[in-house]
Amino acid sequence: MPKSKNQKKKVLDSVNQKFDQSKAIIFSVFEKLPVNEDFSLRQELKKEGANHEVVKKTLLKKVFAEKNIPNFNFDELHGNLTITTSPDEITGAKILAKFIKNKENFKIVGGLLENKWLAQEKIIALSKLPSKEELIAQTIGTIKAPLNGFVSVLAGNLRGLVNVLNAIKNRDA
């Protein structure tokens with residue numbers, strides 16, 4: 001049964017809201033994807049706060065027009081078009097890239113980052129970046145390394161002094 005104008009408007013508003021709330025939006029297409037694989041992908045994305053849904057191409061064209069985003073030619077794509085929205089720049093890309101490794105019927109088309117179109121290759125490259133938490137841990141480790149070295153040097157001098165004092169004590173005994 002076809003959707004009414006009100007239903008279409010609700011779906012359009014929902015997609016617009018997801019575009020506004022997401023830092024990264026990834027577009028992918030699939031054909032003949034088993035339901036259990038789609039379900040597991042959605043669950044994995046949901047755990048990370050991301051969302052994955054099938055969207056009509058005409059609806060996406062309207063969203064692109066409203067947001068003044070250069071239009072990608074969605075008509076050339078064959079299969080079901082999905083959008084994956086994520087609260088950060090990397091999460092959705094990482095999960096999708098891992099998911100499509102052995103899938104011929106599912107592929108990433110491109111994405112939006114700060115309303116700029118990214119090709120498939122750039123989305124895959126984005127998926128290989130470390131997450132925000134990993135970057136913070138690396139930065140803290142880099143900042144902490146000189147301090148650890150300084151403490152080790154000071155501790156080495158104290159250890160040397162204690163060893164000399166023990167040697168003097170043992171020699172006198």
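**Notebook: cores, helices and rings**

I started with Phe106, and it turns out to be buried, with a relative accessible area of 2%. A reminder to myself: this is a predicted model, so I'm reading computed values throughout.

**Phe106 and its partner**

Next I looked up which ring sits with Phe106. Phe99 and Phe106 form an edge-to-face aromatic pair, with 5.2 Å centre to centre and 80° between the planes. Phe99 is buried too, at a relative accessible area of 13%; the cut-off for buried is under 20%. I also checked the face of the Phe99 ring, and Lys103 lies over it, 4.7 Å from the ring centre.

**Helix α4**

Phe99 is one of the buried residues of α4, so I pulled up the whole helix. Is α4 largely enclosed or not enclosed by the rest of the structure? I found that 8 of its 10 residues (the helix covers residues 91-100) are buried, so α4 is largely enclosed. My list of the buried ones reads Thr91, Gly92, Ala93, Ile95, Leu96, Ala97, Phe99 and Ile100. Then I looked for what they pack against, and got β1, α2 (35-47), β2 (51-54), β3, β4 and α5 (120-127).

**The cores**

On to the largest nonpolar core, which has 18 residues. Phe19, Phe27, Leu60 and Ile83 are the members that touch the most others in it. I wanted to know which elements feed this core: α1 (5-21), β1 (24-30), α3 (57-66), β3 (80-86) and β4 (106-113) each supply at least two residues. The biggest giver is α3, with 4 residues.

I picked Leu60 for a closer look. Skipping its neighbours within four places in sequence, I see Leu60 in contact with Phe19, Phe27, Val55, Phe74, Leu81 and Ile83. There's also a second, separate core of 17 residues, and it includes Phe30, Leu41, Ile95 and Ile123.

**Helix α1**

How far does α1 reach from its first C-alpha to its last? I get 24 Å for its 17 residues, close to the 24 Å expected at 1.5 Å a residue. Buried in α1 are Leu12, Val15, Asn16 and Phe19. Looking down the axis of α1, I see these buried residues fall within an arc of 100°, so they line one face of the helix. On the other side of α1, I noted Asn6, Lys10 and Gln21 as exposed. The cover over the buried residues includes β1, α3, β3 and β4.

**More rings**

I counted aromatic pairs next, and the structure holds 6. One of them is Phe27 with Trp117, which is stacked: 5.5 Å centre to centre and 25° between the planes. Phe27 lies in strand β1 and Trp117 in strand β5 (residues 116-119), so the pair ties together parts that are 90 residues apart in sequence.

Are Phe27 and Trp117 buried or exposed? Phe27 counts as buried at 0% relative accessibility, while Trp117 is partly exposed, with a relative accessible area of 29%. I followed the ring pairs further and found Phe19, Phe27, Phe64 and Trp117 linked into a cluster.

**An odd backbone angle**

Last stop was Lys32, in the loop between β1 and α2. Its phi is near 55°, a positive value in a residue other than glycine. I jotted that down because most residues other than glycine have a negative phi. Lys32 is also exposed, with a relative accessible area of 79%.

Terms used:
Residues are numbered from 1 along each chain as its sequence is written. This is a predicted model: local features need pLDDT of at least 70, side-chain atom pairs count only at pLDDT 80 or more; totals for chains, interfaces and linings use all residues. Side-chain values use heavy atoms; hydrogens and water are left out. A nonpolar core is a set of buried Ala, Val, Leu, Ile, Met, Phe, Trp, Tyr and Cys residues joined through side-chain atoms within 4.5 Å. Buried means under 20% relative accessible area, exposed over 50%, partly exposed in between (1.4 Å probe, protein chains only). Contact means heavy atoms within 4.5 Å. The expected span of a helix is 1.5 Å times one less than its number of residues. The arc is that of the directions from the helix axis to the C-beta atoms. Rings of Phe, Tyr and Trp (its six-membered ring) pair if their centres lie within 6.5 Å; planes under 30 degrees apart count as stacked, over 60 as edge-to-face and the rest as tilted. A charge sits over a ring if NZ of Lys or CZ of Arg is within 6 Å of the ring centre and within 35 degrees of the ring normal.
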